[in-house]
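Reader: Hello! I would like a close look at one part of this model, a strand and its pairing partners. Could you walk me through that part?

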Amino acid sequence: MLFKYKIYEKTGYVRSFILPFVIILFTGVPLFAQDQVQILSDEDPIVFSMHCEIQPDDPSRVWDTVKEFASLLKYPGKIENKALIDDFSGTIKVQFGFYLYQKLSIMKQVDGAVFADLDIILRNNQVISSIHTIYFIDYIRDRYGKFSPRSSKKYTLEYLRKKRKDDVWKEHFRSIEDNMDLLLTKLEKSVLKINEVSAK
Amino acid sequence: MKLILTFIVLLLYASSLTVLAQDEDSPGLTISGSVDTYYKYDFSGQSQIGTSFAGAQNSIGIGMVDLAISQTWGKASFVGEIAFGPRADASAPGPVQNLYISYAFNNLISVTGGFMGTFIGYEVISPAANFNYSTSYLFSNGPFQNGGVKVDFTFSDRVGLMLGVFNNFDSYTNDDSGLDLGAQLYLMPVEGWDLYLNFVTSDDSGTEVDITTTYQAGDRLLIGLNAAKRTRGNLFVEDEGEGINFTGVAAYLNYSISDPVAIGLRYEYFHDDNGVILGTESESSNVNALTFSGNIHAGPITLIPEYRIDLASMDIFSTNSGAASSSASQIVIAAVYAF
């Protein structure tokens, strides 16, 4: 089933991510970016794609990436066929992640990390966004004294909810919400900025 | 004692710095570690299985208190880990277990320099990261740490490569002129299956080739395998009959019965090429070791009851009456508190 996010106008109301995100949390079902991408037709003059991998605990790099994207719009000469900014279409593919901490620690001990893949598609001053995968990786303190993945096994958030005690899960859920909120707030600002540049 | 007090003062100071630094959007420090204690009884009446740690017979023994601080700030990170106790004394030339700085130039390349837990093998020094409390022959006779500089290449989620130059094994300094060359190839053939191909060599330390792999088969079952071959180096060796030469394989099955309870089996075959490790006076010998362990989790505490039996090809053990024997068995009950 196709799950579509709201198509945003110039105001870039990206906080609408949150509702579908919460739905994803409890279904643990990987989503649907392919259908979103098909919205871009072959007639689009440019499809600019940027892939950015964000390290855990560093969601601010998403912001840096989007700022870099915006800077490209300021200098259309960097884009190969020099299309008009008004016709610009682009996709930012972002993989971001953040740690979940255990409450038992003196300061903080990493319980695991949540990763999500996010597509941000811009076309004619419209923004379409989607989260198409989200998963949890279990961490352990390794031989180097760092917290690192116990294995490459990816778990759904539903698995995490079942495996953790209620109070731990609630703490983790709040952490996920906070990180998403931080990310989306920054994206909202960046989308506004992109649209301001595009409108000039 | 002075060293411990100094460390505690530094730790408190670091904690206060963390609070200040967090005000400036720093990521803060991560503090983690463990303490462990155990009771062991070898049925011969004396401790005789020659693997690392847990050597106290019929007494409440202590492992180590282990404290690690770490931070990742943008592209830079560091780890400082210090430990005290019999387990720490037997695993490092001093109290420092890890001390290194890393810098990630980008998503592909990162460089790390300092003193690091070895990349060789399946088991580790920290009891909090092992399923079994007693250790394998492969672990006990391989390197514990490598100090040096390494470059990690992360080609994708599924492929990584590490290349490095290191001091001699388990040393804060290089004891001679030659450096060790080390490499690790990481592969993830399928999700949940992690495969590490490890190699380290020098004229002085010798050469060890190691395969370490785990497969998470579903949510409850973890399958692990470690195989290694080590040949002697020149360091501290005066003739051909000396030095460590071994081949071995260890298999691990860990099964989670419920959230707080898991059971595990370790089987190991270990072949000592020249009798140096198993004490068979220049004759090659081998040992088959079976270890059954439980992990019972209660918050930060893991209780590890364990039974182990070692069966050797020669009479390298003794019975309760003092007669030579080819087998030894022991029980261990350990408690590990990890934070």
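How many bridges join E5(B) to strand E6 (residues 145–154) of chain B, and do the two run parallel or antiparallel?

Author: Happily! This is a predicted model, in which local features need pLDDT of at least 70 and side-chain atom pairs count only at pLDDT 80 or more, while totals for chains, interfaces and linings use all residues. Residues are numbered from 1 along each chain as its sequence is written, chains are lettered from A and ligands numbered from 1 in the order in which they are written, and side-chain values use heavy atoms, with hydrogens and water left out.

Nine bridges link E5(B) and E6(B), and the two strands run antiparallel. Strands here are DSSP runs of E with at least two residues, helices are runs of H or I with at least four, and both are numbered from the N terminus; two strands pair if DSSP finds at least two bridges between them. Within this pairing, Phe115(B) has Gly147(B) of E6(B) as its bridge partner.

E5(B), residues 109–117, also pairs with E4(B), residues 96–104, again antiparallel, through six bridges. There Val111(B) of E5(B) sits opposite Tyr103(B). A hairpin of four residues connects E4(B) to E5(B).

Gly117(B) belongs to E5(B) by its residue range, and it leads us to a cavity. A cavity is a set of points on a 1 Å grid, over the protein atoms alone, where a 1.4 Å probe fits but cannot get out; lining residues have an atom within 4 Å of a point. Points are joined across faces, edges and corners, and the volume is the space filled by probe spheres set on them. Four cavities of 30 Å³ or more are counted, and the largest has a volume of about 150 Å³. Its lining holds 17 residues, with Arg143(A), Gly117(B), Val124(B), Ile125(B) and Ser126(B) nearest the centre. That lining comprises six nonpolar, six polar and five charged residues, where Ala, Val, Leu, Ile, Met, Phe, Trp, Tyr, Cys and Pro count as nonpolar, Asp, Glu, Lys and Arg as charged, and the others, Gly among them, as polar.

For the wider setting, chain B contains three helices and 18 strands. Of its 339 residues, 48% are buried, meaning under 20% relative accessible area with a 1.4 Å probe, protein chains only (exposed is over 50%, partly exposed in between).

Key: 1 Å grid on protein atoms, 1.4 Å probe; cavity = no way out; pocket = protein on both sides within 12 Å on 5 of 7 lines; lining within 4 Å.
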